[in-house]
Amino acid sequence: MMKWLFVSVMLTLALASQPALADQKGHGECAAAFDACLNDCNTRFKDDTAKRAACVPQCSGSYAACDAGVAYDKAKPWFEEKAQETKKFFEDMIEDFKKENPEPEKPEGKSI
């Protein structure tokens with residue numbers, strides 16, 4: 001059973017680091033992977049406090065990366081929409097400026 005828990009935790013952490021899969025995960029799944037990782041640390045290093053203390057930050061880092069990926073994926077459509085709105089604003093502003101301030105015509109012929 002311990003082997004399957006370890007494999008499960010490692011697989012979960014590997015998947016959490018994949019940006020493409022982050023949108024398929026939710027905050028609850030990140031928390032569940034974090035809890036499983038902590039349980040694994042406590043089980044593997046039950047008698048070694050120093051090694052357990054080194055294992056816990058890895059769980060925290062994986063959780064933070066997973067949770068940030070979930071948050072980013074949820075906010076991504078809003079950011080893309082705002083980027084398109086901003087782009088259109090500047091394109092319209094440049095077009096209006098060109099209409100109000102046409103370039104002067106260059107005289108034909110040779111210049112000095």
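**Figure 1. Met93 and its nonpolar neighbours.** Met93 comes out at 41% relative accessibility, so we call this residue partly exposed. That label applies because the class covers everything between 20% and 50%. Keep in mind for this and every other view that the model is predicted. Met93 sits in helix α4, which covers residues 49-100. Together with Phe89 and Phe90, Met93 makes a nonpolar surface patch of about 310 Å². Phe90, another member of this patch, is partly exposed because its relative accessible area is 42%.

**Figure 2. Helix α4 from end to end.** How far apart are the end C-alpha atoms of α4? They are 73 Å apart, and this agrees with the 76 Å that 52 residues should span at 1.5 Å a residue. The helix still has a bend in it: about 40° at Ala75. A proline, Pro77, follows within four residues of Ala75. Which residues of α4 are buried? Among them are Cys55, Cys59 and Cys66, along with Gly69 and Val70.

**Figure 3. Rings that pair up.** A pair of aromatic rings is described by two things, the distance of the centres and the angle of the planes. Here the count comes to three aromatic pairs. One of them joins Phe34 and Tyr63, with 5.4 Å from centre to centre and 50° between the planes, a tilted arrangement. This pair links distant parts of the chain: Phe34 belongs to helix α3 (residues 27-44) and Tyr63 to helix α4, 29 residues apart. Phe34 is partly exposed because its relative accessibility is 21%. Tyr63 lands in the partly exposed class too, at 29%. Phe89 and Phe90 form another pair, this one edge-to-face, with centres 5.2 Å apart and 75° between the planes. You've met both of these rings already, in the patch with Met93.

**Figure 4. Asp40 and Arg44 in helix α3.** Side chains of opposite charge can pair when their charged atoms come close. A search of the whole structure turns up three salt bridges, and this view shows the one between Asp40 and Arg44, whose closest N and O atoms are 3.2 Å apart. Both residues lie in helix α3, four residues apart, or about one turn of the helix. Is Asp40 buried or exposed? Asp40 is buried, because its relative accessible area is just 2%. Arg44, at 40% relative accessibility, counts as partly exposed.

**Figure 5. Lys82 and Glu85 in helix α4.** Here Glu85 and Lys82 form a salt bridge, and 3.4 Å separates the closest N and O atoms. The two residues are three apart in helix α4, so about one helical turn lies between them. An α-helix has 3.6 residues a turn, so residues three or four places apart point the same way. Glu85 has a relative accessible area of 40%, so Glu85 is partly exposed. Lys82 is also partly exposed, at 31% relative accessibility.

**Figure 6. Lys88 and Asp92, also in helix α4.** How many residues apart are Asp92 and Lys88? They are four residues apart in helix α4, about one turn of the helix. Their side chains meet in a salt bridge, with 2.9 Å from N to O. Asp92 is partly exposed because its relative accessible area is 35%. Lys88 falls into the partly exposed class as well, with a value of 48%.

How values were computed
Residues are numbered from 1 along each chain as its sequence is written. This is a predicted model: local features need pLDDT of at least 70, side-chain atom pairs count only at pLDDT 80 or more; totals for chains, interfaces and linings use all residues. Side-chain values use heavy atoms; hydrogens and water are left out. Patches are made of residues with over 30% relative accessible area and no salt bridge: like charges are joined within 9 Å, nonpolar side chains (Val, Leu, Ile, Met, Phe, Trp, Tyr) within 5 Å. Accessible areas come from the Shrake-Rupley method with a 1.4 Å probe; for residues, only the protein chains shown count as cover. A salt bridge is a side-chain nitrogen of Lys or Arg within 4 Å of a carboxyl oxygen of Asp or Glu. Buried means under 20% relative accessible area, exposed over 50%, partly exposed in between (1.4 Å probe, protein chains only). The expected span of a helix is 1.5 Å times one less than its number of residues. The bend at a residue is the angle between axes fitted to the seven residues ending there and the seven starting there. Rings of Phe, Tyr and Trp (its six-membered ring) pair if their centres lie within 6.5 Å; planes under 30 degrees apart count as stacked, over 60 as edge-to-face and the rest as tilted.
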